[in-house]
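This report concerns model confidence, one helix and a group of aromatic residues. Please consult the sequence and structure shown here alongside the text.

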Amino acid sequence: MINTVALMGRLTYEPELRTTPQGVSVLRFQIAVDRNYQRAGSERQADFIDCVAWRQTAEFISRFFHKGSMIAVEGSIQTQNYTDKNGNQRKSVEVVANNVSFCGSRNETGTAAPQQAFDEPAPSYASAGASDFEEIVDDDDDLPF
């Protein structure tokens, strides 16, 4: 059976990292995902999708993503049936995030690159000379097209 979801959208609120009593990191967040179809003369619609991340994924999101950040999420759908405080049967649907990625530019997402967040200097290629790239490979004969 297959249960795989891939989404790209913007965080609707500031993510808040929490810890279970057993010390496991967990983060619940919501992303707004634009629908592909738009009726003529109407505003674009979006779906607001609840997600949850655990352990290192949760810590990564809390460190590098903020409200409005564009995020790509790969995960699976999880449903739960429960009874609310009024005795009504309810069902919740959420995406369990296995992998998340940055989307868009740093300026657009408002996030810093991980290497800058860890106070490591960004690599500089401005001083690279032609001698650094002397080996030129001419392999056009092996291309299948």
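## Aromatic residues around helix α1

In this predicted model, Phe65 is buried, with a relative accessibility of 0%. Phe65 pairs with Phe60 in an edge-to-face arrangement, the ring centres lying 5.9 Å apart and the planes at 65°. Phe60 itself is partly exposed, at a relative accessible area of 25%.

Phe60 also pairs with Phe102: the centre-to-centre distance is 5.5 Å and the interplanar angle is 70°, so this pair is edge-to-face, because angles over 60 degrees fall in that class. The pair joins distant parts of the chain, since Phe60 belongs to helix α1 and Phe102 to strand β6 (residues 89–102), with their positions 42 residues apart. Phe102 is partly exposed, at 31% relative accessibility.

Phe60, Phe65 and Phe102 belong, together with Phe64, to one aromatic cluster. Across the whole structure, five aromatic pairs are found.

## The buried face of helix α1

Helix α1 covers residues 55–64, and its buried residues are Thr57, Ala58, Ile61 and Phe64. Viewed down the axis of α1, these buried residues lie within an arc of 155° and therefore line one face of the helix. Phe64 is thus one of the buried residues of α1 and also a member of the aromatic cluster.

## Confidence of the prediction

The average pLDDT of the chain is 81, and 71% of the residues score at least 70. In residues 111–134 the pLDDT is below 50, and this stretch has 22 contacts in the model beyond near neighbours in sequence. Where pLDDT is low, predicted coordinates should not be read in detail.

Notes: Residues numbered from 1 in each chain as written. Predicted model: local features only at pLDDT ≥ 70, side-chain atom pairs only at ≥ 80, totals over all residues. Heavy atoms only, no water. pLDDT = per-residue confidence, 0-100. Contact = heavy atoms within 4.5 Å. Buried < 20%, exposed > 50% of the residue type's maximum accessible area, 1.4 Å probe, protein only. Helix = DSSP H or I, 4+ residues; strand = E, 2+ residues; numbered from the N terminus. Arc of directions from axis to C-beta. Phe/Tyr/Trp six-rings, centres within 6.5 Å; stacked < 30°, edge-to-face > 60°.
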